[in-house]
Every structure is written in C-alpha cells, then in structure tokens.
Amino acid sequence: MIYVFAVCTFAFMNDNFINEYFGIGIQNGKTPENLGVLWRSAQNLGATFIFTIGNRYAKQACDTHDAVKAIPYFHYDTFEAFFENLPKGARLVGVELTDKAVDLETFEHPRRCVYLLGAEDHGLPKKAMEKCHHLVKFKSEKSLNVAVAGTIIMYDRNLPKPRS
C-alpha cells in the first residue's frame with residue numbers, strides 16, 4: 001500500500017518541463033518608474049515572476065496593483081548570479097534591437113523562458129546577449145521605453161502562436 005501511494009504522488013507532481021511559465025526583468029534599469037510599469041504589466045499579462053539585475057528599486061507608485069507582492073520578485077547583483085539561477089529548463093530570451101535578433105512577428109516563444117530587457121540608453125550588455133538562447137526584436141523606428149517593449153513582448157506571448 002505504501003508503494004502505491006508513492007507512485008500516485010509521483011504521478012501528480014508538477015514537471016517544469018511540461019508546464020509553461022515565464023519571467024521578465026530588467027538589467028541595470030534606468031529609472032524606477034519603468035520598473036513599476038513593467039511589474040504592473042507582468043502581473044496583468046501572466047508572468048510567473050519578475051526580477052532586476054544591478055539596480056534595485058523599492059515599491060513604485062506606478063505599480064498600482066502592487067505586483068511585487070502578488071508575484072515573486074528576485075534581485076541579482078550581477079548578471080552572472082542571475083544566469084546561475086535561471087530556472088531548470090528555461091530559455092533566456094534577450095530583447096534587443098540587433099541584427100542577430102529574430103523578428104517578434106515570427107518568433108516562437110519558448111514554453112519556459114525568462115525575458116531579459118536592458119536599459120533604454122545602453123540596451124543589453126554584450127556578455128548578456130552572448131548568453132541568451134534567443135534574441136528577439138520588433139519593428140520600431142527608434143527604441144521604445146523599456147516597460148513598453150516588455151509589455152509588447154508579453155502581449156505577443158499571449159497570442160495564439162506556436163511554442164518552441
């Protein structure tokens with residue numbers, strides 16, 4: 001009887017290679033207001049967690065839904081610390097205007113991924129882009145506010161598109 005219970009328990013355990021999830025965050029964000037807007041959008045668009053790398057900010061007035069209390073928030077002092085703690089099986093997707101990036105319109109979002117945005121004025125550091133499993137961009141004549149860019153990525157993820 002104990003053996004049967006153990007088998008049943010194992011059968012109902014969550015497997016993060018089957019379940020879909022995503023997190024989103026900013027490396028060295030320029031202003032705290034951007035982070036608050038991104039947090040609010042992340043909560044509304046289904047993010048599992050949010051994070052910052054480098055600059056750290058407290059609660060923001062523009063996070064009117066108090067997302068930082070509603071979904072897990074992680075902070076990493078360095079990109080290396082962040083990269084070492086990526087969830088098992090997750091793909092790192094960098095959002096950057098670069099020739100190496102795939103157009104968002106044709107991008108198949110990974111089932112389990114972490115979206116990484118850079119500061120508006122400097123973008124993602126080269127080291128971070130080199131570690132990304134995917135780089136994605138979308139059509140825009142000029143760079144956008146980082147919170148707006150992150151919201152567009154999350155909105156696109158929620159469209160009925162194939163997953164990789």
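This report walks through the sheet, the aromatic rings and one buried charged residue in a predicted model.

## The sheet

Let's start with the strands. Seven of them make up an open sheet, and going across it you meet them in the order 3-2-1-6-4-7-5, with parallel pairing. At the edges stand strand 3 (73-76) and strand 5 (102-103); each has a single partner strand, so one side of each is left without a neighbour in the sheet.

Take a look at the edge with strand 5. Its pairing with strand 7 (residues 134-137) is parallel and runs over two bridges. Here you can spot Asp 103, which stands opposite Lys 137 in strand 7.

## A helix across the strands

Now for helix 2, which covers residues 32-44. This helix lies across strand 1 (21-27), strand 2, strand 3 and strand 6 (112-117). Compared with strand 1, helix 2 runs at about 175 degrees.

## Rings that pair up

How many aromatic pairs does a search of the whole structure find? The count is eight. One of them is Phe 49 with Phe 51: the ring centres are 6.4 Å apart and the planes are at 40 degrees, so this pair is tilted. Both residues are tucked away from the surface, since Phe 49 counts as buried at 11% relative accessibility and Phe 51 counts as buried at 1%.

Phe 51 also pairs with Phe 82. Their ring centres are 4.7 Å apart with planes at 20 degrees, and because planes under 30 degrees apart count as stacked, this pair is stacked. It links distant parts of the chain: Phe 51 sits in strand 2 (residues 49-53) and Phe 82 in helix 4 (residues 79-84), 31 residues apart. Phe 82 is buried too, at 3% relative accessibility.

Step back and you'll see that these three rings belong to one aromatic cluster, made of Phe 49, Phe 51, Phe 74, Tyr 76, Phe 79, Phe 82 and Phe 83.

## A charged residue on the inside

Last stop: Glu 96, in the loop between strand 4 (91-95) and strand 5. Is Glu 96 buried or exposed? It is buried, yet it has no salt bridge. The nearest side chain of opposite charge belongs to Lys 137 and is 10 Å away. A salt bridge would need the nitrogen and the carboxyl oxygen within 4 Å.

So who does Glu 96 touch? Leaving aside neighbours within four places in sequence, Glu 96 is in contact with Ala 101, Gly 123, Leu 124, Met 129, Val 136 and Lys 137. You've met Lys 137 already: it is the residue in strand 7 that Asp 103 stands opposite.

Conventions:
Residues numbered from 1 in each chain as written. Predicted model: local features only at pLDDT ≥ 70, side-chain atom pairs only at ≥ 80, totals over all residues. Heavy atoms only, no water. Phe/Tyr/Trp six-rings, centres within 6.5 Å; stacked < 30°, edge-to-face > 60°. Buried < 20%, exposed > 50% of the residue type's maximum accessible area, 1.4 Å probe, protein only. Helix = DSSP H or I, 4+ residues; strand = E, 2+ residues; numbered from the N terminus. Pairing = 2+ DSSP bridges. Contact = heavy atoms within 4.5 Å. Axes fitted to C-alpha atoms, helices over the stretch in contact; angles between N-to-C directions. Lys, Arg positive; Asp, Glu negative; His and termini not counted.
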